[in-house]
Amino acid sequence: MRIIILCFTLILTPFVAYAEKRLALVIGNDSYAEVNSLQKARADATAVTDALKTKGFTVTTVLDAERREMNKKISEFTGQLEPGDTAMVFYAGHGVEIDGENYLLPTDIAAPASGEKDFIKSESIALSGLLDRIRATGARTTLAIIDACRDNPFKGSTGRSIGGTRGLGRINAPEGTFVIFSAGAGQTALDRLSDEDSAKNSVFTRMLLPRLQTPGIELREMMSGLRRDVRDLARTVGHEQFPAYYDELLGQFFFIPAGGAIIAIAPQPTTAAQPVDPIRADFELARSIDTREAYDAFIERYAARSDEFTVQMAVQLRDELGAATPAGTKPSASASPTQKPAGEPLDSRAVLRQTQERLNALGCDAGAADGIMGSRTRAAFRRFLSATDTGLGADDLGTAHGLQALKQHLGRVCKAQPAPPKPAVSATATPDASAKPAPQYSIAGSWSWSASCPLGLKASGTTRYRSGGGNAFTGSISGSAGPATVRGVLNGRSYSATEDYGWVRNTSTGTLSQDGRTLSTLVSNGCRVTARKN
């Protein structure tokens, strides 16, 4: 199988479009004036600079930079970027999370005192602001590698951090961006293994550098091995460090393609649009669904091209799944195609969208489920925390375990927000006899549904709901997708639910029609479902 994957990588490499220019901004801050100094950040930045220069990057490097110098170099860097370029940022130094934003600290940062967080914000570089400035240039691909720590340095640890005890916060990466943090939530990214550690680079960067020199490793594959090796090295001193990443990248990225050369594809004339072959996109869709049915649909669609490698690869992957699972049978954990490997990070934006949907279903009023952690979403999560005894904190918003805690509750959890005062009514006014009470909606009963799924897959069946108290409902699903249980909530006409098939769990959101007879939903697996009351 490894040979097949390697062949697949070799075949697709000519089609991976690298930007005309590859530009990198590398920052390494060791010598802080008022915060404890580091020992490896400058060496990390220098080593990364040397590695990137051999990979076709034009590198802007700044060492031990004060705020003015950091801002100057960032402006120079973004000023060189043009639409279609690849932009990379590597930062080694102190970092801090304040009010949900991550800040990179220049060497002249003042040690914070009580109540000075706004001053610290103004004297630091906001990571999201830096990424937004890069995105505004039209750069096609942005990579950000942040080798900063996640614990307060005033505790005297060997890590890289300043500020809150939970360190750097999760980030909603912009489209086309891949962000890597050198440690996971609540962990310290070690500057060194111990005071006697003679290695030139930090724990994270010493594992990163060899991978920058290896041809044919796609970025996501590189991260898989990198995370494992950093974890294992940190554990040699009894420390837990497992790098996190946030993937909104469009397509694949190789520091060095399998052939060893950096590919630059010339832009095609805009007057003659090139036809796009959909087979690769369809193959990636089938692989992301990873079921026999998905691969069968792909193979059938491209039956006339059965001699092509993508079709042969689909056949291979389908056959490795074994025989189709009979309806109602729970596959073994090792064969479950939808189960993520342990430690695999979830898509942060998808998690936040699901969090917002659950907050709305619980009556906490998070607003639109747009995957953006705004003030309304934070306020909704605070209302949820106040109304429940979960043991979570405000910084658990947007995390997988925070979402799981939300899913444990049904019905209206948050208290209704006070309505605005009604205008005074004259004592002589008469009530409007034509006013009608707002309709009360329910989904209790039997519903027939049909689903249209990716790759043209179809499904149909019946769902039977019963009241679970208040606006909560429970029920059972039967049909071509197999038996399942469902737990749902209906707020007005807004619907959200969790469907449990035993071996996979889906979430769905949707809207009930005005007459209460049609329910239209979108499922997390990509299926669109229309249900009609029997």
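Of the 534 residues of the chain, 46% count as buried. Buried means under 20% relative accessible area, exposed means over 50%, and partly exposed lies in between (1.4 Å probe, protein chains only). This is a predicted model, in which local features need pLDDT of at least 70, side-chain atom pairs count only at pLDDT 80 or more, and totals for chains, interfaces and linings use all residues. Residues are numbered from 1 along each chain as its sequence is written, and side-chain values use heavy atoms, with hydrogens and water left out.

The chain has 13 helices and 17 strands. Both are DSSP runs numbered from the N terminus: helices are H or I with at least four residues, strands are E with at least two. Contact means heavy atoms within 4.5 Å. Among contacts in the chain with a separation of 6 or more, 62% are between residues 24 or more positions apart.

## The six-stranded sheet

Two strands pair if DSSP finds at least two bridges between them. Six strands make an open sheet in the order S2-S1-S3-S7-S8-S9, and the pairing is mixed. Strand S2 (57–63) and strand S9 (244–247) are the edges; each has a single partner strand, so one side of each is left without a neighbour in the sheet. From one strand to the next, the twist averages 10°. S1 (residues 22–28) and S2 pair in the parallel sense, over seven bridges. Within that pair, Leu23 has Thr58 of S2 as its bridge partner.

Two helices pack on this sheet. Helix H5 (residues 127–136) touches S3, S7 and S8, and its direction makes about 155° with that of S7. H6 also touches S3, S7 and S8, with its direction at about 140° to that of S7. Axes here are lines fitted to C-alpha atoms, for helices over the stretch in contact, and angles run from 0 to 180 degrees between N-to-C directions.

## Helix H6 and the loop after it

Nine of the 10 residues of H6 (residues 203–212) are buried, so this helix is largely enclosed by the rest of the structure. Among the buried ones are Val203, Phe204, Met207 and Leu208. The buried residues of H6 pack against helix H2 (41–53), strand S3 (86–92), strand S7 (141–147), strand S8 (177–181) and helix H7 (219–235).

Gln213 sits in the loop between H6 and H7. Gln213 is partly exposed, at 41% relative accessible area. Leaving aside neighbours within four places in sequence, Gln213 is in contact with Ala51, Thr54, Lys55 and Ile256. Gln213 and Thr54 are 159 residues apart in sequence, yet 8.7 Å apart in space, C-alpha to C-alpha.

## Antiparallel strands

A second open sheet has three strands in the order S4-S5-S6, with antiparallel pairing. Strand S4 (95–98) and strand S6 (125–126) are at its edges, each with a single partner strand, so one side of each is left without a neighbour in the sheet.

Further along, S11 and S12 form a hairpin with four residues between them, and Gly469 in the turn has a positive phi of about 100°. The table sets out three antiparallel pairs.

| Strand pair | Bridges | One bridge pair |
|---|---|---|
| S4 and S5 (residues 101–104) | four bridges | Glu97 with Asn102 |
| S11 (residues 458–467) and S12 (residues 472–479) | seven bridges | Arg464 with Ser476 |
| S12 and S13 (residues 484–491) | six bridges | Gly475 with Val486 |

## Two aspartates with positive phi

Most residues other than glycine have a negative phi, and most peptide bonds are trans. Asp64 has a positive phi near 45°. Asp64 is in the loop between S2 and helix H3 (67–80). Asp365 has a positive phi near 60°. Asp365 lies in the loop between H11 and helix H12 (375–387), and is partly exposed at 33% relative accessibility.

## Cavities

On a 1 Å grid over the protein atoms alone, a cavity is a set of points where a 1.4 Å probe fits but cannot get out; lining residues have an atom within 4 Å of a point. Grid points are joined across faces, edges and corners, and a volume is the space filled by probe spheres set on the points. There are three cavities of 30 Å³ or more. The largest cavity holds about 80 Å³ of space. Helix H11 (348–361), helix H13 (400–407), strand S14 (494–500) and strand S15 (505–512) each supply at least two residues of its lining. The lining of the largest cavity includes Gln354, Arg358, Leu403 and Thr498.

Definitions and conventions. On a 1 Å grid over the protein atoms alone, a cavity is a set of points where a 1.4 Å probe fits but cannot get out, and a pocket is an open set with protein on both sides within 12 Å along at least five of seven lines; lining residues have an atom within 4 Å of a point.
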